[in-house]
Amino acid sequence: MEQVLLINGSPKNKNSTSLMLGQYILRKLSKKNFKTDTIHLLSMLNNNLDEIFEKISESDLLILSFPLYVDSLPSHVMKFFEVMSKNNLKHQKIMAIGNCGFPESFHIKTALKICKNFAEKKNLHWIGGLAIGAGPMFNGRSIEEMGFLTRKLIQGFNMVVLSIIRNEEIKDDAKILVSRKVIPTWAYKLIGNKSFKKVAKMNNIKIYDTPYQ
Amino acid sequence: MKALLLNSSSHDDLNMELIHDITKKILEEKNFQVESVMIEDKEIKECRGCFNCWLKTPGECIHDDEGRIITKTIINSDVVIMLTPVIYGGYSSKMKLVLDRIIPVLLPFFKKIKGEIHHKKRYKKYPKVIVVGMMNGEDQESSEIFCELIKRNALNWYNSFTGDTIVYQKEAKIKKEINELFKYLEVK
Ligand SMILES: Cc1cc2nc3c(=O)[nH]c(=O)nc-3n(C[C@H](O)[C@H](O)[C@H](O)COP(=O)(O)O)c2cc1C
């Protein structure tokens, strides 16, 4: 039985879009007789490095799911790469899922290149990277709970699942489907800015404060 | 003029120490008041993605540690130099620790810049940032990704970022390459 390990690169652990997206794939795979497991990278890196190595060495496919931080990977994911660079890996398959706060998914391209570069230098088998925009919009909800907005996204993810089952690389068509805009930029900007103002009012804060200058 | 020199390599990285010393000297010759920070020596916790720095305590991170102090120093510097080993085309984890902690100097609000969404500024003035990515040998792939990353950072930080990778080599050559990067400071 093939083993799949989801490495959640979000420091938010349970409540993250990274986890939600990765678990969609895991749920589908476990129905097809894959054995699945999840680790929350930040807490594990600080406390339980050996367990990470153990789980990785037992796996046939690694799925690294991460939030985009300052155009690249969060610091602890870079630390994970640094730690792994000193270890021998078998020739596992690996894929990455990046999600970001801006509505456009292209912001994630560079981060996926870093993941691919890591995979290739460590002699892992890179099967592809997915880029998803407007991550905070999910706010803990699964892509199945968003109605018509996520039609294409789900279609793309199902194609990814199929490729994994067939032991193939992720198709370009699937990458394009998942990276399509879920809502238009103008609407995202409007809704986002409005909600920031609303929360600021609720929290009774000066959102434009300049404590350092 | 104040310059902050951030170094994310470790104390035993002698190549980076040389690059650091060369950079420091160039800055001093240009009459900068230089503060050097070895990130390794600082206690900085990882960003935990809570957005408190935008929506609860605007402009300040929830972690009360040296990350706050560095963020404050950054926003009050004229120039920030980041010396980082290039890790698979990205910043080293220690430099990234600092970068992930500086988002409170932006506002949460979205703004369209050249057709892309970015964040509005919180402060009037932002430092010029020069990134020096150090590599111990030629690696075109990593170098290209790193330069692309700096370009993306520049777009998100109001064109304040510039930089390049340098491969560790003879002192004179390093000096020349860093001087080349410093030309950026002369552009108004
Ligand atoms: C420190 C920090 C830096 C971020 N940088 C970016 C960025 O450069 N571009 C972007 O689109 N979103 C950025 N974001 C937003 C996150 O990528 C976004 O909120 C994402 O949905 C979080 O995913 P998660 O729930 O899996 O943690 C940043 C968030 C944080 C906390």
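**Cysteines, fold and inner spaces of a predicted model**

At 32% relative accessibility, C50(B) counts as partly exposed. This value, like the others reported here, comes from a predicted model.

The cysteines make a good place to begin. A disulfide is a covalent bond between the sulfur atoms of two cysteines. Across all chains, the structure holds zero disulfides. C50(B), for its part, takes part in no disulfide, and the nearest cysteine sulfur, which belongs to C53(B), is 6.5 Å away. A disulfide here requires two cysteine sulfur atoms within 2.5 Å. For C147(B), the closest cysteine sulfur sits in the other chain, in C115(A), at 18 Å, which is too far for a bond. C147(B) is also partly exposed, with a relative accessibility of 22%.

Turning to the overall fold, chain B contains six helices and seven strands. Followed along the sequence, these elements appear in the order β-α-β-α-α-β-α-β-β-β-α-β-α. The C-alpha trace of chain B spans about 50 × 40 × 35 Å along its principal axes. How does its radius of gyration fit the expectation for a compact globule, and what values are involved? A compact globule of 188 residues would have a radius of gyration near 16 Å, and chain B agrees, with 16 Å. Of the 188 residues of chain B, 56% count as buried. Contacts between distant parts of the sequence are also plentiful in the count: among contacts in chain B with a separation of 6 or more, 73% join residues 24 or more positions apart.

The last topic is the space left inside. Rolling a probe the size of a water molecule over the atoms shows where empty space is left. Two cavities of 30 Å³ or more were found in this way. The largest cavity holds about 80 Å³ of space. Residues of chain B line this cavity, among them I74(B), I75(B), M82(B), Y126(B), W157(B) and F161(B). By class, the lining of the largest cavity is made up of 10 nonpolar residues and one polar residue, with no charged residues.

The second largest cavity holds about 30 Å³. Both chains contribute to its lining, which consists of Y212(A) together with C61(B), G67(B), R68(B), T71(B), R101(B) and P104(B). What classes of residue make up the lining of the second largest cavity? Three are nonpolar, two are polar and two are charged.

Methods
Residues are numbered from 1 along each chain as its sequence is written. Chains are lettered from A and ligands numbered from 1 in the order in which they are written. This is a predicted model: local features need pLDDT of at least 70, side-chain atom pairs count only at pLDDT 80 or more; totals for chains, interfaces and linings use all residues. Side-chain values use heavy atoms; hydrogens and water are left out. On a 1 Å grid over the protein atoms alone, a cavity is a set of points where a 1.4 Å probe fits but cannot get out, and a pocket is an open set with protein on both sides within 12 Å along at least five of seven lines; lining residues have an atom within 4 Å of a point. Grid points are joined across faces, edges and corners, and a volume is the space filled by probe spheres set on the points. Ala, Val, Leu, Ile, Met, Phe, Trp, Tyr, Cys and Pro count as nonpolar, Asp, Glu, Lys and Arg as charged, and the others, Gly among them, as polar. Buried means under 20% relative accessible area, exposed over 50%, partly exposed in between (1.4 Å probe, protein chains only). Helices (H or I, at least four residues) and strands (E, at least two) are DSSP runs, numbered from the N terminus. The radius of gyration is taken over C-alpha atoms; the globule rule is 2.2 Å times the number of residues to the power 0.38. Contact means heavy atoms within 4.5 Å.
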